[in-house]
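Dear colleague,

Please find below the structure that I am handing over to you. A short account of what was found in it follows.

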Amino acid sequence: MNYQELHIESISNPSQFWEKQAKQLSWYKAPKKILGVDDFNYPQWFVDGKLNMSYLCIDKHIEDGFGSQDAIIYDSPVTKTKEHISFYKLHDEVSKLAGGLLALGLTKGDTIIIYMPMIPQALYSMLACARLGIIHSVVFGGFAPHELAIRIDDCKPKAVITASNGIEIDRIIPYKPFVDDAINLAEHKPRHVIVFDRNLGLEMPQKSYDIDYSDLVAKSVSVEPIPVESNHPLYILYTSGTTGKPKGIIRDSGGYATALKFSMKHVYGVEEGDVYWAASDVGWVVGHSYIVYGPLLNRNTTILFEGKPIKTPDASTFWRVISEHKVKVMFTAPTAIRAIKKEDPDGDFITKYDLSSLKYQFLAGERCDVSTLRWTEQHLKVPVIDHWWQTESGWPMLANMVGVEKMPVKPGSAGLPVCGYDIQVLNENGKEVTSGVEGFVTVKLPLPPGTLLNLWGNPERFKAGYLQRFPGYYFSGDGGFKDEDNYVFITGRVDDIINVAGHRLSTAEMEEVVASHSAVAECAVFGVHCDLKGQKPLGLVVLKSENGLDETAITRDIIKEVRHEIGAVASLKDVLVVKRLPKTRSGKILRKLLRNISDDLEYNVPSTIDDIAIIEEIETVYKKSQIGIHKNITKHE
Ligand code: COA
Ligand code: AMP
């Protein structure tokens, strides 16, 4: 079947289509009820099926005779370590850690937070939870203790699994001390903190709740995976929303396993035994789906890379990893390519490596600009595939399904709808727009398996955020348009979420921190263009009318505070003092207008704005600080 036929089949008869895909997995109890709906008419997949993700990712491959195959290759330029981990070894580590968790009294339905750097123990921990039906929530290491505390209070874990430290390019990140700080800040107190000591010389104050990871595993006996219901939550993954409070996306087990297995073959074009590399972090959805569960389910060797595209030690690292481990398909964010291109503009490093194993380079996480796409194609000489998805979907919604049929690549487009996704671009009134017209990117229900089940502890927010705006559709939060061939072009978020180096961040959360500074009367934080990271946050503050304020000291304090409260990942480095902020008559700050001015885009000054002089004041501040180029602005009043 070609792409078009397969896509049509998946939309016209979803039950039949996904029942067939679910048969690719070994269930303890094969599902009979394929597709149902809940009270909001929201799809529920395979509800009477039973399976276990840890079994499917490990034990099944050993039973099939592939125990000696590499399951994981851990490649860590920051510690100069490489380790090949077979399915046998993975089984040993995971089943014993699961035994340890069980001995601590943790059972199915409990929650555990995992706050770890990119080391094998992070993967063992996720898979050990899955083995017992414990719901894990991995928190990205770039988040500060305060953010970790918010997540601890939301999902109330009985235990946290962490490591002594992580390693960034220029510094050691004290993970365990951050966990202690977070527990201090949180109202909920986890019973245990299981600590993997990397023995890198970090001083770690001992706490009564500490348990040594290695001791726990050494003393434990292996346990078998337990069957869980298909819609039992495998994990909660927090992501930024439009308010200051992150949203806990709940992922099911059976639908997710079915979708990931399907995507490995049909979207990424990899077969069992191939080496697959997603250069992301286990703290993001890409890490969950395509460092851990997808490749392991499909019996691929997954690369666990603890490093950066540059400076670890240089811009050749990615090419070294591909050639050394014979990677067939690689996935990274356009930012990583831009960082490499900046250091090695002519791709000289690339020519030094044998990249003949590489068949496809996938990109996602943010909009891919045409010059990055072209540079990558020119130097890697393989198809470069932009594809679009989000934490909520769990797997690609738009792509070029190279495992089915390689379609022509259209620069600027994230491709065609993936099987199972009926993507429609709607206008304000919920009517589908014609090709070329920009609108809201939605998916007509039912969503396929593997997509979010709900929001943890907040079904009302789930309904309000995703389902109510366009009844009968899931709203992605992105804007975009289709062309006459049905290719979709994503133009960016239509809300206040920004995307910095492929990391999704909430400006509302940053604004809360900025506004809490004692010298700030009001503020706005929004995303502006950044050549390297795609976007970066910019804060504008109006100070309280006190004399003698040291503006430089205040902006420095604000930047420090955001880093302290949210974490280094927030990347807020620019805060400017302005006299006033432009608002509508009803008092709403015009963030889009502020962004358009800074990005040198054409903008309209709405007729409702109180005073045109405010815009001119802001333009002057931008010019002084060299934000925006301000060449071709056309004002319309
Ligand atoms: N733990 C602690 N701190 C972390 C961290 C982690 N796991 N990950 C990032 N940080 C810190 C960084 O050290 C940096 O701190 P700094 O401001 O003191 O330099 C800050 O958070 C911002 O990180 P980042 O935006 O990643 O910038 P960077 O300058 O360190 O690296 C790139 C720039 C382009 C190399 C990097 O962003 C990159 O590799 N991007 C690819 C993104 C990606 O894979 N995204 C996943 C989605 S698919
Ligand atoms: P996250 O949930 O962190 O994966 O971020 C998802 C968001 O990143 C999407 O809603 C988009 O705004 C953006 N995004 C991801 N991939 C792409 C892409 N290929 N093109 C454009 N935007 C993308």
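I begin with ligand 2: one of its oxygen atoms lies 3.0 Å from a polar side-chain atom of R493. Please bear in mind that this is a predicted model.

Two further contacts of this kind deserve mention. R504 places a polar side-chain atom 2.7 Å from an oxygen atom of ligand 2, while for D386 a polar side-chain atom lies 2.8 Å from a nitrogen atom of the ligand. On its own, ligand 2 has 500 Å² of accessible area, and the protein covers 93% of this.

The surroundings of ligand 2 comprise 15 residues, of which D386, H387, T391, D478 and R504 come nearest. Sorted by class, this shell has six charged, five polar and four nonpolar residues.

Two of the residues named above also lead to a sheet. D478 stands opposite R493, which belongs to β27. Strand β26 covers residues 473-482 and is joined to β27 by five bridges, the two strands running antiparallel.

These strands are part of an open sheet of four, in the order β23-β24-β26-β27, and the pairing is antiparallel. At its edges stand β23 (423-426) and β27 (488-493); each has a single partner strand, so one side of each is left without a neighbour in the sheet. From one strand to the next, the twist averages 50 degrees. As general background, strands of a sheet pair through backbone hydrogen bonds, in either a parallel or an antiparallel manner.

In viewing the model, you may wish to start from R493, which has the contact with ligand 2 described above and stands in β27 opposite D478.

With kind regards

Terms used: Residues numbered from 1 in each chain as written. Chains lettered and ligands numbered in written order. Predicted model: local features only at pLDDT ≥ 70, side-chain atom pairs only at ≥ 80, totals over all residues. Heavy atoms only, no water. Pairing = 2+ DSSP bridges. Axes fitted to C-alpha atoms, helices over the stretch in contact; angles between N-to-C directions. Near = heavy atom within 4 Å. Polar contact = N/O pair within 3.5 Å; in protein donor to acceptor, adjacent residues only side chain to side chain. Areas by Shrake-Rupley, 256 points an atom, 1.4 Å probe, with all protein chains shown as cover. Nonpolar A, V, L, I, M, F, W, Y, C, P; charged D, E, K, R; others polar.
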